[in-house]
Amino acid sequence: MKTERTIKCKKLGILFTILSWLLCFGLAVAFIIAFVAMNGSGGGENSATMEEKLGTIIYGFGLSLIPMLVLAIVVKDKIRPTVWMIDIILANYLFGSWMMYIVFAIWVIDQYVIAPLGKHYRQLYTINKEIDRR
């Protein structure tokens, strides 16, 4: 039978892990959706039109990232740092350098607070689950 503490640790571990992954993978999608919703007035390089920027992102930027993503997965088996770099590049390109610094701050908070909390609670869940068996 699972105790209340074990259930709480499991829920918190899942919550922090999902939050960490959403911050990492959801930012790029949110940036593109926000940029399209603002009709291309993100505040980045103002000389390019929305079609030019989105075309650059989809065709040039997207296709050139495929080898980098494959290399990141094969060599290091870590895709999160690559995705964070994509988030920072998109923030800078679409909205200007101020958003890049905000994304960098989110990355630091995720890397040093949210992800370790998720790992901590997952480990506590495993320990409590073993204790509950006895």
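A helix, as I use the word here, is a DSSP run of at least four residues marked H or I, numbered from the N terminus. I note at the outset that the model is predicted.

**Entry 1. The salt bridge**

I looked first for salt bridges, and the structure holds 1. The side chains of Glu130 and Arg133 form it, with 3.2 Å from N to O. I then looked up where these two residues lie. Both are in helix H4, 3 residues apart, which is about one turn of the helix. Next I checked their accessibility. Glu130 has a relative accessibility of 35%, so I record Glu130 as partly exposed. Arg133 reaches 60%, and therefore Arg133 is entered as exposed.

**Entry 2. A buried acid**

I turned to Asp132, which is placed in helix H4, residues 97-133. Is Asp132 buried or exposed? I found that Asp132 is buried, yet has no salt bridge. The nearest side chain of opposite charge is that of Lys2, at 7.6 Å. This distance does not qualify, because a salt bridge requires a side-chain nitrogen of Lys or Arg within 4 Å of a carboxyl oxygen of Asp or Glu.

Which backbone atom does the side chain of Asp132 reach? I noted the backbone nitrogen of Thr3, at 3.1 Å. I also listed the contacts of Asp132, leaving out residues up to four places away in sequence: Met1, Lys2, Thr3 and Thr6.

**Entry 3. Cysteines**

I searched the whole structure for disulfides and found 0. For reference, a disulfide is a covalent bond between the sulfur atoms of two cysteines. I then examined two cysteines by accessibility. Cys24 has 0% relative accessibility, so Cys24 counts as buried. Cys9 has 4%, and so Cys9 counts as buried.

I located Cys24 in helix H1, residues 4-37. What does Cys24 touch, apart from its neighbours within four places in sequence? I recorded contacts with Arg80, Val83, Trp84 and Asp87. I also looked up Thr82, which lies 58 residues from Cys24 along the chain. The C-alpha atoms of Cys24 and Thr82 are separated by 9.8 Å.

**Entry 4. Aromatic rings**

I counted the aromatic pairs next, and the total is 5. One of them joins Phe16 and Tyr121, whose rings are stacked, with 6.0 Å centre to centre and 10° between the planes. This pair links distant parts of the chain, with Phe16 in helix H1, Tyr121 in helix H4, and their positions 105 residues apart. I checked Phe16 for accessibility as well. Its relative accessible area is 18%, and Phe16 is therefore buried, the limit being under 20%.

I then looked at Trp21 and Phe25, an aromatic pair that is also stacked, at 5.0 Å centre to centre and 0° between the planes. How far apart are Trp21 and Phe25 in helix H1? They are 4 residues apart, so about one helical turn separates them. I entered Trp21 as partly exposed, because its relative accessible area is 41%. Phe25 has a relative accessible area of 31%, so I entered Phe25 as partly exposed.

Last, I looked for rings joined into a group. I found that ring pairs link Trp84, Phe104 and Trp107 into a cluster. Trp84 had already appeared in my notes, among the contacts of Cys24.

Notes:
Residues are numbered from 1 along each chain as its sequence is written. This is a predicted model: local features need pLDDT of at least 70, side-chain atom pairs count only at pLDDT 80 or more; totals for chains, interfaces and linings use all residues. Side-chain values use heavy atoms; hydrogens and water are left out. Helices (H or I, at least four residues) and strands (E, at least two) are DSSP runs, numbered from the N terminus. Buried means under 20% relative accessible area, exposed over 50%, partly exposed in between (1.4 Å probe, protein chains only). Lys and Arg count as positive and Asp and Glu as negative; His and the chain ends are not counted. A polar contact is a pair of N or O atoms within 3.5 Å; within protein, one must be able to donate a hydrogen and the other to accept it, and residues adjacent in sequence count only if both atoms are side-chain atoms. Contact means heavy atoms within 4.5 Å. A disulfide is a pair of cysteine sulfur atoms within 2.5 Å. Rings of Phe, Tyr and Trp (its six-membered ring) pair if their centres lie within 6.5 Å; planes under 30 degrees apart count as stacked, over 60 as edge-to-face and the rest as tilted.
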